[in-house]
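The exercises below ask you to work through a structure region by region, each with a solution set out in steps. Please keep the sequence and the coordinates open as you read.

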Amino acid sequence: MCGIVSLYNKRQQPAQLETITAMSKVILHRGPDDDGFHVEENIALGFRRLSIIDVAGGHQPLFNEKRDMWIVGNGEVYNYKELQEWLKDRGHQFHTDSDIETILHLYEEVGVDAPKHLRGMFGFTIWDSRRKILFGARDHFGIKPLYYTQTNDSIGIASEIKSLLEMPGVKREVNKTGFYHYLTFQYVPDPETMYEGIYRIPPAHSFIVENDQLKLTRYWDVQFAPDESKPFSYFVEGTRAAMLESVDKHRVSEVKRGAFLSSGVDSSSIVGMLRTFEPVKTFSVGSDIPGYSELEYARRTAQYLGTEHYETVISAEQYMDELPRLIWHQDEPVADPSAILLYFVAQLASEHVTVVLSGEGADEFFGGYNIYREPQSLRMFSGMPDWMRGSIRSIATKLPDSVKGKNFLIRGSKTVEERFFGNALIFSEEMKAHVVTENLNQLADYHTPWEITQAIYKNAQGYDDVTKMQYLDIHTWLRGNILMKADKMTMANSLELRVPFIDPKVFEFAATIPTKYKIANGTTKHVLREAMKDFLPPEIKTRPKLGFPVPTRYWLKNQFYKWAKELIFESKVDHLINKAYVLYMLDEHREGHGDYSRKIWTILVFMLWHQIFIEQKLSFEPYVSPAVELRRKNSSSIEQIG
């Protein structure tokens, strides 16, 4: 797990070591153990290392036998040993046991098809001096981040946006399209970011920089293929086997490992499976507000599974003290309050281990969100002709809000493409018009959120409604929210997070499970629950998903109210946001006239991000936490997998 930066000078001028050094230094937290650089002709590669595999010899940038190809890479490749043996048989010579060197030799052997053969999480860049190109890729699901930008002089690629901001000529400007989509989704969907001119390399894409141009190519795609011919037991047994194999693969490291543990099926399953291979340290976090902490359930699960368990309780004051720095670590606003609690549990874990396993991705792959049950509840509408649906909607929208069932009729009259935007829908278009200062209907370049989702749904034609929802979430919510916060909040603590559910082999099997086995028996991800039942306490098998709940609803009425009001007044976003309406929502929320907490939080996170990155009112130096420094001093004994 590391951080990488790459620079390509379009004017064929010598690359600047001082620039690539500054780009690398600002992501010190991603790799406090080592750094490295390679400057050649008009390119420069930079690297920050968190030592996980080949601790003694995995210094990057790495090179091939002839030293005419160089690589910097971030992440872990779990099938690198098999690839390494195959490549050795074909005559390749390795000078390290690093998984990243394996990628380089694989590129020598198969060229731009290299990413198709990798199983893991990765973002890498290769300088091929023979062809005079930069080649690289991002992993299948977007576990590891990778961004790019262009100026008149250069093309930059990096693990974090803050590295690109160190490039001469890169401006700090709000991407208005990204901002408007953020108000809908609580994050900016791919490939845009909140910065004008800075973009994400999409998951499952490779890139080539050649002749001053950057070209993206998709190398893999998500495809569901439900198999209705197999019995329920086949999918239960297959899921268990696929997950055990994945967890075993995700153990590869030469440093100490642990796992995050909440109170639900996903993380508990990972811990239960990991426990079959080795002793496990587990880590949990909760708040000090009654009803917003799952620590008791996590503690009982840890006791049942026999783990060495650690937990931490976070107060409103602790949360607020760390919030500005954590927005800095996020690079761009993601208005998920649980991201901050994830930081604190990562901080706790970083005192004891360097690698943690976690349960992200189970809901998207196995059908776990409660909203996925909606098509079943609305099935009475499924056979209606369009004119009848339209009539129902027309009548329902005219009913008073107090009429029971109004929302049911409205949602039932819509297709899944019309009603489902993913797991977050913060501001409707109607409310968004009150929040922004511009008249969206009069903007020639305004893009509605439907333009984002419809492009994705177009590739999901032929799937049933539940599978369409999974497909959309994998392409939006999973990569834009879940994985983004997971990477940024753990790497802020120099901690590597691994997600065994989000694995190409696991998805390959999960994609064959029919919907009738995912949403069944009055619950979600039914197959997964049955497959994992032998690893879990009986009470966990049917527990609803809660994760790390955060009491922002309560805090905004109390401890956060004064801070929120001051931030609204101070933030220089009047050209974007109608502050009067935001203040109205804040006071209505405080008085209990409505729950506006998610909407208010979305605005506040954007305002704080704007102060840090655009106004540059707040600044932060690269930083390695004392817990990580202590861990590094105590890491003389290396744990090696047999």
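**Exercise 1. State the volume of the second largest cavity, and describe which residues line it.**

Solution. In this predicted model, the second largest cavity has a volume of about 80 Å³. For context, a search of the whole structure finds five cavities of 30 Å³ or more. The next step is to list the wall, which is made of R138, G142, I143, P145, L146, Y147, D190, R200, R479, L483, M484 and K488. Helix α19, spanning residues 477-491, supplies the largest share of this lining, with four residues. Sorting the lining by class then gives six nonpolar, one polar and five charged residues.

**Exercise 2. Find the loop that holds A492, and decide whether A492 is buried or exposed.**

Solution. A492 sits in the loop between α19 and β17 (496-498). Its relative accessibility is 4%, and because buried means under 20%, A492 counts as buried. Once neighbours within four places in sequence are set aside, the contacts of A492 are H29, H329 and Y343. A further comparison uses Q330, which is 162 residues from A492 in sequence, while the two C-alpha atoms are 8.9 Å apart in space.

**Exercise 3. Characterise the second largest pocket by its volume, its lining and the elements that contribute to it.**

Solution. Begin with the volume: the second largest pocket holds about 1000 Å³ of space. Its lining has 29 residues, and those lying nearest the centre are N407, R411, K414, L425 and S428. The elements that give two or more residues to this lining are α13 (386-397), α14 (406-412), α15 (416-419), α16 (429-435), α17 (449-457) and α27. By class, the lining of this pocket has ten nonpolar, seven polar and twelve charged residues.

One residue of α14 can be followed further, namely I410, which is placed in that helix. With a relative accessibility of 16%, I410 counts as buried. Beyond residues up to four places away in sequence, I410 touches A396 and T397. The C-alpha atoms of I410 and I395 are separated by 9.0 Å, although these residues are 15 apart along the chain.

**Exercise 4. Work out how strand β1 is enclosed, and with which strands it pairs.**

Solution. Strand β1 covers residues 2-9, and eight of its eight residues are buried, so this strand is largely enclosed by the rest of the structure. In a regular strand the side chains alternate between the two faces of the sheet. In β1, C2, I4, S6 and Y8 point one way, whereas G3, V5, L7 and N9 point the other way, and all are buried.

Turning to the pairing, β1 and strand β3 (residues 43-49) are antiparallel and are joined over seven bridges. Within this pair, G3 has R48 of β3 as its bridge partner. Strand β9 (residues 154-158) also runs antiparallel to β1, with five bridges between them, and here N9 stands opposite S154.

The loop that leads into β9 from β8 (147-150) contains T151. At 11% relative accessibility, T151 counts as buried. Apart from neighbours within four places in sequence, T151 is in contact with K10, M167, P168, G169 and V170. By contrast, T552 lies 401 residues from T151 in sequence, and their C-alpha atoms are 40 Å apart.

**Exercise 5. Describe the largest nonpolar core, and identify the helix that gives the most to it.**

Solution. The largest nonpolar core has 160 residues, and those with the most contacts inside it are F179, F260, Y319, F365, I577, F606 and W609. Helix α27, made of residues 597-614, gives the most to this core, contributing twelve residues. Another core, of 23 residues, lies apart from it and includes L62, F94, Y107 and F124.

To see the surroundings of one central member, take W609, whose contacts beyond four places in sequence are V174, M194, Y195, I327, D331, E332, P333 and I614.

**Exercise 6. Determine how many residues of helix α7 are buried, and which ones they are.**

Solution. Helix α7 runs over residues 265-275 and is mostly covered, with ten of its eleven residues buried. These buried residues are V265, D266, S267, S268, S269, I270, V271, G272, M273 and L274.

Note on methods
Residues numbered from 1 in each chain as written. Predicted model: local features only at pLDDT ≥ 70, side-chain atom pairs only at ≥ 80, totals over all residues. Heavy atoms only, no water. Core = buried A, V, L, I, M, F, W, Y, C linked by side-chain atoms within 4.5 Å. Buried < 20%, exposed > 50% of the residue type's maximum accessible area, 1.4 Å probe, protein only. Contact = heavy atoms within 4.5 Å. 1 Å grid on protein atoms, 1.4 Å probe; cavity = no way out; pocket = protein on both sides within 12 Å on 5 of 7 lines; lining within 4 Å. Points joined across faces, edges and corners; volume = space filled by probe spheres on them. Nonpolar A, V, L, I, M, F, W, Y, C, P; charged D, E, K, R; others polar. Pairing = 2+ DSSP bridges.
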